[in-house]
Amino acid sequence: MATHDVEQLATTAAKVLTRGASSAVQGGRVRDGFREWFRRHGPLYYYSRQVDWLDPQLLDDPSIVRHWRLALFHVLSYASNPEAAAIELASLIEELSPSLAVDSTDPPALPPPFQDHVDFRGGTFNGTVAAVQLNHYGIGILHDPAGWSTVEAADPIGLGVRRTRRLDKDPELPPYVRRDVDERLAALMSGGGLVVVTGEPLSGKSRTAWAAVLDALSAKTRVYSPSPGVDLRVLPGVLRDRDGSYVLWLDELEGHLGERGLDSALLAQLAELHVPVVATMSDEVYDARRFGGGSAARVLGRAELLELTCRWSEAELTRLAQEDDPRLVDALEWRGKRGVTEYLAVGPELWDEWWRARRAMAHPRGHAVVRVAVDLARLGVDKGVSPDVLEELSAHYEPFEGLEPERESRADTLAWATEVRHGVAGMLVEDGPGGELRAFGSLAADAGRSSQTRKVPYDVWEAVRTLALDEGAGSAIHVRFVKAAVAYFMPHAVAGSSEALFRLGRYDHGLGMINREHCFREAANEGHYRAAAALAELFIARGDTAEAEPYLEQAAKGGDSTAAATLGTLLRDRAETWLRAAAEAGDPVAAHELGDMLFGSGREDEALRWYRKAAEAGRRELATSRGARLSRWRASEADLRLRYGVARSRVPQPRPTDLFADRLLAVLSGQRPVHWMLRHTVGRAYDELAGLAEHGPLRATRGTRPVVRDIGYYVAREGAVEAFARIGAGDQVRAMAFRLEQGGDLRWRCTAVELGTPSPDTVNE
């Protein structure tokens, strides 16, 4: 049926309806006929009831005729069987119109279907047009109220409540945490009338208002939530004389104010019918409408107002802490300086945008940099780090297939990552005086629970370990780091992963949350050579070198050069002990071998003494030794020793204090393991050194390696020197004191070591 024919039929039917309804003779027949037609061909079922409410005194009002003309046109256009509806309506007109003298002149064309675009081309404008806002109030589709959702069955998200991040089997929304205003809001709502909840963006207005509906109204109350622009004036007629209770829900009330929306008259009618109106508005929009004059101001002037804020009170946070929903637990821990509702609302938006940014044509480099910050937060770093660190660590991540992150500039990457979304936060937020950045908390929390999250590279774990130990073993960041390591590696360790066992032992670093020896031993038994080296270091630290040797050998065979050197030192020292015992008992072979060993380690004086003993005992093989060759260089031993002393004096030799200052610094800065000093210490010095080194007090900070700036000493007695050194790293200086004593073998060994507290550098005096 052509549009013109539909318009003509609707116009004629509207005239028949409006005139016939007022006829004393035909009124009942006309109402019955049109009522039945609307029943069969709605969806606009309520028009069948409106037929009974036609006021005879208003039938000459053109707007009433137009109203019914639009209603009839709408039903004819959208009926399930438009052709049958048109045929029945034409028959009804034919049956009723002869007695009503209805003409059939062509009316003005009906307006086109409602649309969002208005074409102003060809228009004439005087002056500048700044902006145009159009509110379309159409007929809308007002279904039978019996089909409206009840309060208990309504979908809060469909009513305007913002979704939160949902993972796995999470319910669509977390449990509602009661706000301080809830009791007052429920009381206002139960009293009827218009209740408006206002607040800042993302302050939880819709969720709080809906929670009050659940508290104050019956679960069987039916909810009407019209789209913006729907004509609400027919609502009282639809609900009059109906059983049950109803509530009008107007989220973002500004879309429902106006000539055909909520006005004072309609509000009064709904109050008479005991239909409460529950609405939300932002603070900014409310202020503009409330104090801007006009009908909207009058409506809002009659409203009961309740204000919400993003800032939660201590009582509200206490109630939040009692919840066990992971999203609420995360909100309490990760929200930072933002409000709880802001965190919950913006979280899904940030995650979705960040995750999609990995695509080649989006922001893959920005995605990678944000990912580093997210992983640092997951591993316990609770402060910002420099953009340079984020860029550097991002190189350890494998890019998604086909991506070219280098096509983004550094400036573009940081601008995208720090751009504030939804007025709340960017993916990266500033946290430090030097422009340091950290990930927004919701990203870290969601990454910890998402199946999309990839494994954190070991290089990033190691970077955080270094940072944690710089703060000090047992520091807050170290505790969080170890907890993260336990959470991630423990399931793999239980499943038999030797790498996971090694990482658990390595990252605990004396905190005591993990049995390090057990982890290292189990991993070493599975062939993990780095775990074997770590286990050997534990044994050496407690003086059990014999237990350490097989693990040092395993590590050395695996390619650990430090373990190989330590093993060689241990074996040499053990060999010297037994060779000396045998040599002192008169064994010439032992005396010869001991002399070679001492000579090779620089203890020439003692070596020559043992060579002499071996020669006196008739050791022929002495001729093959280095010492014997030097002995044959000159006839007398005195001449040999003199020439050797002269030769040594030609090459400046470092003082023992200089050598030991460098050695101690290498251990305390983490460049060398503690057991490297095993043969250079005696007495309590090794234990003191091990205790200091455990905390890494002289580790490099901000890329600055510590150095020995100057050394002083005095001779306490012959063979004993007490020294002090100034250790500098950037603008920090620490004092180190140590004592050296010379043994009977003429070797210097450290017998005590201490460190002072850090202090700022000062001008050299």
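This text walks through one helix, the aromatic pairs and two charged side chains of a predicted model.

Start with helix H15, which covers residues 364–378. Does its length fit its residue count, and what span should 15 residues give? At 1.5 Å a residue, the helix should span 21 Å. The C-alpha atoms at its ends are 21 Å apart, so expectation and model agree. H15 is also mostly covered, with 13 of its 15 residues buried. Just after the helix comes Gly380, which takes a positive phi of about 110 degrees.

Now turn to the rings. The structure holds 19 aromatic pairs. One of them joins Phe502 and Phe520. Their ring centres lie 6.2 Å apart. The planes meet at 45 degrees, and the pair counts as tilted. Where do the two residues sit? Phe502 belongs to helix H21, residues 498–508. Phe520 belongs to helix H22, residues 516–525. The pair therefore ties together parts that are 18 residues apart in sequence. Both Phe502 and Phe520 are buried.

Rings also gather in a larger group. Tyr458, Trp461, Phe481, Tyr488, Phe489 and Tyr507 make up one aromatic cluster.

Finally, look at arginines over ring faces. Arg421 lies over the face of Trp416, 5.3 Å from the ring centre. Arg663 takes up such a place over Phe660. Here the distance to the ring centre is 5.0 Å.

Methods
Residues numbered from 1 in each chain as written. Predicted model: local features only at pLDDT ≥ 70, side-chain atom pairs only at ≥ 80, totals over all residues. Heavy atoms only, no water. Helix = DSSP H or I, 4+ residues; strand = E, 2+ residues; numbered from the N terminus. Expected span 1.5 Å × (residues − 1). Buried < 20%, exposed > 50% of the residue type's maximum accessible area, 1.4 Å probe, protein only. Phe/Tyr/Trp six-rings, centres within 6.5 Å; stacked < 30°, edge-to-face > 60°. Lys NZ or Arg CZ within 6 Å of the ring centre and 35° of its normal.
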